[in-house]
Amino acid sequence: DDCGQTCVHRAAKNGHINILIFLCVHRSANINAVDNKKQTPLMLAVLLGSLSTVQWMIKNGALLSSVCDHRGDNALLMSFFACTRRPKRGRLLTSRFQNEIQQHNGEHYKNGLKNDSHFQGIEEQRRIEENRECMNIVKYLVSLVSKEEQLVRNALGESMLIMACKYSMESLVQIVLNLDSSQPENDNMESGRSGGTRGGNL
């Protein structure tokens, strides 16, 4: 299309595994094709937040960390970014949250209060609820890459840890710190090599 996306991109973007099987297995379509932004179908599946789609694509030849888009992000870094997105209003609003919001709004207008801290707390719960599968994608992808690949930085110099801290995602920070504690190699040497290959500055 005008964005350079193939049918495989579109299928991955919408989580249509059966179509991916038809295209990539039966029609030998390129599972690692890149669009105008140098994004692969796997990157779009990661941004969608479909763990089953990501797993199928990895098992069928999708490149994880060796391909980067126009911003220097690979699929692993994109999985971290996907976890930071806040849900759109009205999406994944469970009945429990809906009742709490309605009750809060009634008290808000009744008492003329301007403090919406309670509502912000509900919004945070919605964020966690929506991004739970994205978090599972992160855990799955980090288990597949080497220590050096975990230290890769994008064009802005952002690593997984920097990105997690930037968006104040404690759960993501914990994942990265657990990786560091389980693999006690020389981080300084590997960080320098990684930053050098990607153009990032320490």
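**Entry 1. Order of elements**

I first read the elements of the protein from the N terminus on, and they run α-α-α-α-α-α-α-α-α-α-α-α. The model is predicted, and I keep that in mind throughout. I recorded a secondary structure of 12 helices and zero strands.

**Entry 2. Whole-chain values**

I looked up burial for the chain: 43% of the 202 residues of the protein count as buried. The exposed surface comes to about 11300 Å², and carbon and sulfur atoms supply 51% of it. I then turned to contacts with a separation of 6 or more, and I noted that residues 24 or more positions apart account for 74% of them.

**Entry 3. The nonpolar core**

I next asked which residues have the most contacts inside the largest nonpolar core. They are L42, V54, M57, F80, L141 and L172, in a core of 44 residues. I listed the elements that give two or more residues to this core: α1, α2, α3, α4, α5 (75–83), α8, α10 (160–166) and α11 (170–182).

I followed L172 further. Leaving aside its neighbours within four places in sequence, I found L172 in contact with F80, C83, T84, M135, V138 and A164. F80, one of these partners, is itself listed among the core residues with the most contacts.

**Entry 4. Helix α4**

I examined α4, which covers residues 51–59. The buried residues there are L51, T53, V54, W56, M57 and I58. V54 and M57 had already appeared in my list for the core.

I then looked up what covers the buried residues of α4, and the cover includes α1 (7–13), α2 (17–26), α3 (41–48) and α8 (132–142). Just after α4, I noted G61, which takes a positive phi of about 100°.

**Entry 5. Packing of α4 on α8**

I took the pair α4 and α8 by itself. Their axes are 9 Å apart, and the helices pack at an angle of about 25°. Angles under 35 degrees count as roughly parallel, and α4 and α8 are therefore roughly parallel to each other. On the α4 side I recorded L51, S52, V54, Q55 and I58 as making the contact, and on the α8 side E133, N136, I137, Y140 and L141. V54 and L141 thus recur from the core list.

**Entry 6. Helix α2**

I asked where the buried residues of α2 lie around the helix. L20, L23 and C24 are the residues of α2 that are buried. Seen down the axis of α2, they fall within an arc of 80°, so they line one face of the helix. The face turned away from this buried side carries the exposed residues N18 and H26. I found that α1 and α4 are included in what covers the buried residues of α2.

**Entry 7. The loop between α2 and α3**

I checked the loop residues for backbone angles. Most residues other than glycine have a negative phi, and I therefore looked for departures from that rule. S28, which follows α2, lies in the loop between α2 and α3. Phi of S28 is near 55°, a positive value in a residue other than glycine. I noted S28 as exposed, with a relative accessible area of 63%.

K38 lies in the loop between α2 and α3 as well. I read a positive phi of about 65° for K38, although it is not a glycine. K38 counts as partly exposed, at 49% relative accessibility; the cut-off for exposed is over 50%.

I then asked of Q39, also in the loop between α2 and α3: is Q39 buried or exposed? At 7% relative accessibility, Q39 counts as buried. Leaving aside its neighbours within four places in sequence, I found Q39 in contact with H9, A33, V34, L44, D69, R71 and M78.

**Entry 8. S159**

I closed with S159, whose place is in the loop between α9 (147–150) and α10. S159 is buried, with a relative accessible area of 9%. Beyond its neighbours within four places in sequence, I recorded L77, L151, V152 and R153 as its contacts. I also looked up the spacing of S159 and D73, which are 86 residues apart along the chain, and their C-alpha atoms are separated by 9.6 Å.

Note on methods. Residues numbered from 1 in each chain as written. Predicted model: local features only at pLDDT ≥ 70, side-chain atom pairs only at ≥ 80, totals over all residues. Heavy atoms only, no water. Helix = DSSP H or I, 4+ residues; strand = E, 2+ residues; numbered from the N terminus. Buried < 20%, exposed > 50% of the residue type's maximum accessible area, 1.4 Å probe, protein only. Contact = heavy atoms within 4.5 Å. Areas by Shrake-Rupley, 256 points an atom, 1.4 Å probe, with all protein chains shown as cover. Arc of directions from axis to C-beta. Core = buried A, V, L, I, M, F, W, Y, C linked by side-chain atoms within 4.5 Å. Axes fitted to C-alpha atoms, helices over the stretch in contact; angles between N-to-C directions. Parallel < 35°, antiparallel > 145°, perpendicular 65-115°, else oblique.
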